Amino acid sequence: KGCHRIMEIQYTTYRINLKHSFGISRSSYDYYDIVYFYIVDGEIIGRGEAAPSKRYNETTKKILSVLDKGIHLPENCENADQLWKHIKPQLSGISALEAAANMAIWDWRGKKDNKSICELLDLDVKTLPKTSYTIALGNMDELDEKIEAASPYDILKVKLGTPKDDKEIIRQIRLKTDKLIRVDANEGWSYNIAKEMSFWLADRNVEFIEQPFPASQLKNTKLLRDISPLPLYADENSLVSTDIPKIQDYFDGINIKLMKCGGINEALNMIKVARELNMKIMLGCMIESSVGISAAAHLASIVDVVDLDGNLLINNDPYHGVVIKDGRLKISVKDKGLGLSLINKNKGLL
């Protein structure tokens, strides 16, 4: 309803399958169900993706319960900012759904204005950072295969947080490669383990540690930061821009994910706040297809480190988007909006 011309919202679920089981300190999955969100405006389709995380009490079912009620469009659909202001309050505060709607609006706007997101934001895309490639927790027998899969990438993001295997995982990786490693403990450590690991890892070409403790344990984070030879990055402690001032004394950097913060607009707010507080910025992702990854990739030139490999870990990505060449993200300004094209014309995908 609304709009002086036919514009409508469509959506569908899609199951993305992982190449290997994806384990972190608290869970392991072989697939994820995501939701694609479309703004259909004549010939123009704005695409977005919601990849909800149970860690934040978000599920595909919850997202569908909101979308099934219907999203009302404003009277005037010409202005992207007004469109977002009108749609956002209808999304029940579900961050992944907000991210999907927000990126769909940006994609729609870019196609309408015949510009890429980078051009709309006046960002340089000539040289984007290299992305890390994630080696998740799982069967130790698969580790060599995962290291092999990571061979095109210069930086490894290694999931730890299982105290009995953590050192063995790093040792096994180090037998094969001396590439730079970024460690993500996913809230999995106790203080004593984190203290020991931070010194042990510092001797093994590790760049930083992400989220060593549960988000509630800021006291331990501060104690560790005071002695750790490695910088600490916040993930579960850094959801939106208002979180950042509260954690500036506890962490050296933050991890921004569109699915956590609710889209490109809020990610830009987070970058601004983190820069003002002199904190490092990582751009991360959930397991997502090329829709979500491409949306985030447009911000890669204004952050410090990039971990945008969610689409590399799945084997049925239905879209083609941002490409990775020699481990480095590449965006073509010739592409408009998010620069996506549909590969698999599955039922319901646009």
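**Close-up 1. The lining of the largest pocket, sorted by residue type.** In this predicted model, the lining of the largest pocket breaks down into 13 nonpolar, 8 polar and 14 charged residues. That lining is made up of 35 residues, and the ones nearest the pocket centre are Y29, Y32, P52, S53 and K54. Three elements each give two or more residues to the lining: β1 (7-24), β2 (27-41) and β5 (155-159). Of these, β2 has the largest share, with 6 residues. As for the space inside, the largest pocket holds about 670 Å³.

**Close-up 2. The cavity between its lining residues.** Now for a closed space: the model has 1 cavity of 30 Å³ or more. The largest cavity holds about 60 Å³. Look for A80, D81, W84, N102, I105, W106, R109 and N265, which line the largest cavity. Helices α2 (80-87) and α3 are the elements that give two or more residues to this lining, and α3 gives the most, with 4 residues. By type, the cavity lining splits into 4 nonpolar, 2 polar and 2 charged residues.

**Close-up 3. Helix α8 and its two sides.** Which residues of α8 are buried? They are N220, T221 and L224. Viewed down the axis of α8, these buried residues stay within an arc of 100 degrees, so they line one face of the helix. An α-helix has 3.6 residues a turn, so residues three or four places apart point the same way. Over on the other side of α8, K219 and D226 are exposed.

**Close-up 4. D226, out in the open on α8.** D226 is part of helix α8, which covers residues 218-227. With a relative accessible area of 53%, D226 counts as exposed, because the cut-off for that label is over 50%. The side chain of D226 does have a partner: a polar contact of 2.9 Å links it to the side chain of K222. A96, on the other hand, is a long way off, with 34 Å between the C-alpha atoms of A96 and D226 and their positions 130 residues apart in sequence.

**Close-up 5. N114, an asparagine with positive phi in an exposed spot.** Phi of N114 is near 60 degrees, a positive value in a residue that isn't glycine. To find N114, go to the loop that runs between α3 (95-113) and α4 (117-121). Is N114 buried or exposed? N114 is exposed, at 51% relative accessibility.

**Close-up 6. N186, an asparagine with positive phi in a buried spot.** N186 isn't a glycine either, yet its phi is positive, at about 45 degrees. The loop in this view joins β6 (180-184) to α7 (191-202), and N186 sits in it. N186 has a relative accessible area of 4% and is buried.

**Close-up 7. Cysteines without a disulfide.** How many disulfides does the structure hold? The count is 0. Take C118, which is in no disulfide: the nearest cysteine sulfur belongs to C261 and is 16 Å away. C118 is buried, at 2% relative accessibility. Why is C261 not bonded to C285? The closest cysteine sulfur to that of C261 is in C285, and at 13 Å it is too far for a bond, because a disulfide needs the two sulfur atoms within 2.5 Å. C261 is buried too, with a relative accessibility of 5%.

**Close-up 8. Y319 and L342, apart in sequence but side by side in this view.** Y319 belongs to strand β12, which covers residues 319-320. How far apart are Y319 and L342, in sequence and in space? They are 23 residues apart in sequence, while their C-alpha atoms are 4.5 Å apart. Y319 is buried, at 2% relative accessibility, because anything under 20% gets that label.

Methods: Residues numbered from 1 in each chain as written. Predicted model: local features only at pLDDT ≥ 70, side-chain atom pairs only at ≥ 80, totals over all residues. Heavy atoms only, no water. 1 Å grid on protein atoms, 1.4 Å probe; cavity = no way out; pocket = protein on both sides within 12 Å on 5 of 7 lines; lining within 4 Å. Points joined across faces, edges and corners; volume = space filled by probe spheres on them. Nonpolar A, V, L, I, M, F, W, Y, C, P; charged D, E, K, R; others polar. Buried < 20%, exposed > 50% of the residue type's maximum accessible area, 1.4 Å probe, protein only. Polar contact = N/O pair within 3.5 Å; in protein donor to acceptor, adjacent residues only side chain to side chain. Arc of directions from axis to C-beta.
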